[in-house]
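Open the model in your viewer and keep the selection tool at hand. The stops below tell you what to pick next and what is there.

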Amino acid sequence: MKTMYTAKATTTGGRGGHVQSDDHTIDMNLTVPKGLGGPGGDGTNPEQLFAAGYSACYGSALAAVAKNHDVDLGDYTVTAEVGIGKDDDDNFLLEVTLDTYIPGIDLETGEKLINEAHEVCPYSRATRDNIDVTLNLLLDE
């Protein structure tokens with residue numbers, strides 16, 4: 001792989017600590033969510049950061065795929081839900097649901113686009129066969 005960009009962040013104190021990127025764009029406290037036995041409150045967590053990164057990356061992949069097919073996405077959105085839980089062996093696992101809204105798209109075209117985006121998105125490629133990822137196309141009613 002020819003690296004085009006490298007992101008760097010350092011966390012002190014794990015899930016209940018502080019994270020900062022090398023350029024200080026990210027500089028925030030981390031808080032363990034109540035659902036994981038923590039206090040919740042002000043601060044983010046790794047799952048929120050992963051959801052933000054995945055939704056942005058997948059959204060860009062979707063835009064690239066749509067451009068290749070001469071499809072105007074309009075004011076599309078991608079919402080990533082990242083769940084964390086345990087398997088039967090008490091190991092932590094992640095799961096992701098990507099809800100994609102493309103205004104005015106027909107079902108066939110929309111499904112084609114979201115599936116192709118999932119094939120080319122670097123986050124999707126990195127998670128493939130490692131975590132469950134569900135793709136949902138949200139249509140106008």
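Select strands E5 and E6 in this predicted model. E6 covers residues 132-138. E5 and E6 run parallel and are joined by seven bridges. For one of these bridges, pick Tyr 101, whose partner in E6 is Leu 138.

Keep E5 and add strand E4, residues 77-86. Here the direction changes: E4 and E5 are antiparallel. Ten bridges join E4 to E5. Show Ile 84 to find one of them; its bridge partner in E5 is Leu 94. Now follow the chain from E4 into E5. The two strands form a hairpin, with five residues between them. Stop in the turn at Asp 90, which has a positive phi of about 70 degrees.

**Zoom out**

Show the whole chain as a cartoon. How many helices and strands does the chain have? There are three helices and six strands. Start at the N terminus and trace the order: β-β-β-α-β-β-α-α-β. The C-alpha atoms fill a box of roughly 45 × 35 × 30 Å along the principal axes. The chain has 141 residues, and 30% of them count as buried. Take the contacts with a separation of 6 or more: 47% of them come from residues 24 or more positions apart.

**The open sheet**

Select strands E1, E2 and E3. These three strands form an open sheet in the order E1-E2-E3, with antiparallel pairing. Why is one side of E1 and of E3 left without a neighbour in the sheet? Strand E1 (9-12) and strand E3 (27-29) stand at the edges and have a single partner strand each, so one side of each has no neighbour there. From one strand to the next, the twist averages 15 degrees.

Now keep E2, residues 18-21, together with E3. Three bridges pair E2 and E3 in the antiparallel sense. Pick Gln 20 and look across to E3: its bridge partner is Asp 27.

**Two helices that cross**

Next, select helix H1 and helix H2, residues 107-120. A helix pair is described by the angle between the two axes and the distance between them. The axes of H1 and H2 come within 8 Å and cross at roughly 115 degrees. The crossing is right-handed.

Turn on side chains where the helices touch. From H1, show Tyr 54, Tyr 58, Ala 61, Leu 62, Val 65 and Ala 66. From H2, show Leu 113, Ile 114, Glu 116, Ala 117, His 118 and Val 120. Colour this contact by residue type: ten residues are nonpolar, one is polar and one is charged.

**Two buried residues**

Centre on Tyr 58 in helix H1. Is Tyr 58 buried or exposed? Its relative accessible area is 0%, so Tyr 58 is buried. Leaving aside neighbours within four places in sequence, Tyr 58 is in contact with nine residues to highlight: Val 78, Leu 98, Thr 100, Ile 114, Ala 117, His 118, Cys 121, Ser 124 and Leu 135. For a distance to try, pick Tyr 58 and Gly 104: they are 20 Å apart, C-alpha to C-alpha, and 46 residues apart in sequence.

Now move to Thr 100, in strand E5, residues 92-101. Thr 100 is also buried, at 0% relative accessible area. Residues up to four places away aside, Thr 100 touches Tyr 58, Leu 62, Thr 77, Val 78, Ile 114, Asn 136, Leu 137 and Leu 138.

**The aromatic rings**

Show the aromatic side chains last. The structure holds three aromatic pairs. Select Phe 50 and Tyr 54: this pair is edge-to-face, 5.8 Å centre to centre, with 70 degrees between the planes. Phe 50 and Tyr 54 are four residues apart in helix H1 (residues 46-68), so about one helical turn separates them. Phe 50 is partly exposed at 23% relative accessibility, whereas Tyr 54 is buried at 0%.

Add Tyr 123. Its ring centre lies 5.7 Å from that of Phe 50, and the planes are at 40 degrees, so this pair is tilted. The pair links distant parts of the chain: Phe 50 is in H1 and Tyr 123 is in helix H3 (residues 122-127), 73 residues apart. Tyr 123 is partly exposed, at 30% relative accessibility. Select Phe 50, Tyr 54 and Tyr 123 together to end the tour; they form one aromatic cluster.

Definitions and conventions
Residues are numbered from 1 along each chain as its sequence is written. This is a predicted model: local features need pLDDT of at least 70, side-chain atom pairs count only at pLDDT 80 or more; totals for chains, interfaces and linings use all residues. Side-chain values use heavy atoms; hydrogens and water are left out. Rings of Phe, Tyr and Trp (its six-membered ring) pair if their centres lie within 6.5 Å; planes under 30 degrees apart count as stacked, over 60 as edge-to-face and the rest as tilted. Buried means under 20% relative accessible area, exposed over 50%, partly exposed in between (1.4 Å probe, protein chains only). Two strands pair if DSSP finds at least two bridges between them. Axes are lines fitted to C-alpha atoms, for helices over the stretch in contact, and angles run from 0 to 180 degrees between N-to-C directions. A crossing is left-handed if the near helix is turned anticlockwise from the far one by less than a right angle, and right-handed if clockwise. Contact means heavy atoms within 4.5 Å. Ala, Val, Leu, Ile, Met, Phe, Trp, Tyr, Cys and Pro count as nonpolar, Asp, Glu, Lys and Arg as charged, and the others, Gly among them, as polar.
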